Amino acid sequence: MSTLASQDRPSVLTVPEATKAARVLKALADPVRLRLISLILAEGEARVGDLGTEFDLSQPTITHHLNVLFDAGLVVRTRDGNRVLYRSEERRVGKECRSR
């Protein structure tokens, strides 16, 4: 048993919680992804093509960054015909970024 254990101390992250938090923080640590999530939050939802006009990056690169955000649980995507729409709920982003 660790000598650091104390009932007076607030609870600490479990290994799964720390792993999940690290994935989210890593996704947000990239300036392009941070700006993408900011744009999606501001617009409510956005297409890859629309988001691409905000960056000097190719559409496949934008899609890669969106996939990282998706894998981290920060955005959801839906298909609308040929279009893929990305959206994020502020509550979800706040929950993922907030500490216990």
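**Exercise 1. Determine in which element His65 lies and whether His65 is buried or exposed.**

Solution. The model examined here is a predicted one. The first step is to place the residue: His65 belongs to helix H4. The second step is to consult the relative accessible area, which is 9% for His65. Buried means a value under 20%. His65 is therefore buried. The third step is to list the surroundings. Apart from neighbours within four places in sequence, His65 contacts Asp30, Val32, Arg33 and Leu36. Of these partners, Val32, Arg33 and Leu36 are among the H2 residues that meet H4.

**Exercise 2. Describe how helices H2 and H4 pack, and state which residues form their contact.**

Solution. Begin with the geometry. Helix H2 covers residues 31-43 and helix H4 covers residues 59-71. Their axes lie 10 Å apart and enclose an angle of about 80°. Angles of 65 to 115 degrees count as roughly perpendicular, and H2 and H4 are therefore roughly perpendicular to each other.

Continue with the residues. From H2, the contact includes Val32, Arg33, Leu36, Ile37 and Ile40. Facing them in H4 are Ile62, His64, His65, Leu66, Val68 and Leu69. By class, the residues of this contact comprise 8 nonpolar, 2 polar and 1 charged.

**Exercise 3. Identify which residues of the largest nonpolar core touch the most other members, and which elements give two or more residues to this core.**

Solution. The largest nonpolar core has 19 residues. Those touching the most other members are Leu36, Ile40, Leu51, Ile62, Leu66, Leu69 and Leu74. Two or more residues come from each of helix H1 (15-28), H2, helix H3 (48-52) and H4. H2 gives the most, with 5 residues.

Leu51 may be taken as an example. Not counting residues up to four places away in sequence, Leu51 touches Leu36, Leu39, Ile40, Ala46, Ile62 and Leu66. As a general background, nonpolar side chains tend to be buried together in soluble globular proteins.

**Exercise 4. Establish where Val48 is placed, whether Val48 is buried or exposed, and with which residues Val48 is in contact.**

Solution. Val48 is located in helix H3. With a relative accessible area of 9%, Val48 is buried. Beyond its neighbours within four places in sequence, Val48 contacts Gln59, Ile62, Thr63, Leu66, Val84 and Tyr86. For one of these partners, Leu66, a distance can be added: the C-alpha atoms of Val48 and Leu66 are 8.4 Å apart, with a separation of 18 residues in sequence.

**Exercise 5. Derive the order of the strands in the sheet, and name the edge strands.**

Solution. Take the pairings one by one. Strand E1 (residues 45-47) pairs with strand E3 (residues 83-87) in the antiparallel sense, over 3 bridges. Within this pair, Glu45 has Arg87 as its bridge partner, and Arg47 has Leu85. Strand E2 (residues 76-80) also pairs with E3 in the antiparallel sense, over 5 bridges. Here Arg79 stands opposite Val84, and Asp80 stands opposite Arg83.

Combining the pairings yields an open sheet of 3 strands in the order E1-E3-E2. E1 and E2 are the edge strands, since each pairs on one side only. On average, neighbouring strands are turned by 30° against each other, direction ignored. The connection of E2 to E3 is a hairpin with 2 residues between the strands, in which Gly81 adopts a positive phi near 65°.

**Exercise 6. State how many helices and strands the protein chain contains, and in what sequence its elements run.**

Solution. The count is 5 helices and 3 strands. Read from the N terminus, the elements run α-α-β-α-α-β-β-α. Two totals complete the description. Of the 100 residues of the protein chain, 27% count as buried. Among contacts between residues at least 6 apart in sequence, 55% join residues at least 24 apart.

Terms used:
Residues are numbered from 1 along each chain as its sequence is written. This is a predicted model: local features need pLDDT of at least 70, side-chain atom pairs count only at pLDDT 80 or more; totals for chains, interfaces and linings use all residues. Side-chain values use heavy atoms; hydrogens and water are left out. Two strands pair if DSSP finds at least two bridges between them. Helices (H or I, at least four residues) and strands (E, at least two) are DSSP runs, numbered from the N terminus. Axes are lines fitted to C-alpha atoms, for helices over the stretch in contact, and angles run from 0 to 180 degrees between N-to-C directions. Angles under 35 degrees count as roughly parallel, over 145 as roughly antiparallel, 65 to 115 as roughly perpendicular and the rest as oblique. Contact means heavy atoms within 4.5 Å. Ala, Val, Leu, Ile, Met, Phe, Trp, Tyr, Cys and Pro count as nonpolar, Asp, Glu, Lys and Arg as charged, and the others, Gly among them, as polar. Buried means under 20% relative accessible area, exposed over 50%, partly exposed in between (1.4 Å probe, protein chains only). A nonpolar core is a set of buried Ala, Val, Leu, Ile, Met, Phe, Trp, Tyr and Cys residues joined through side-chain atoms within 4.5 Å.
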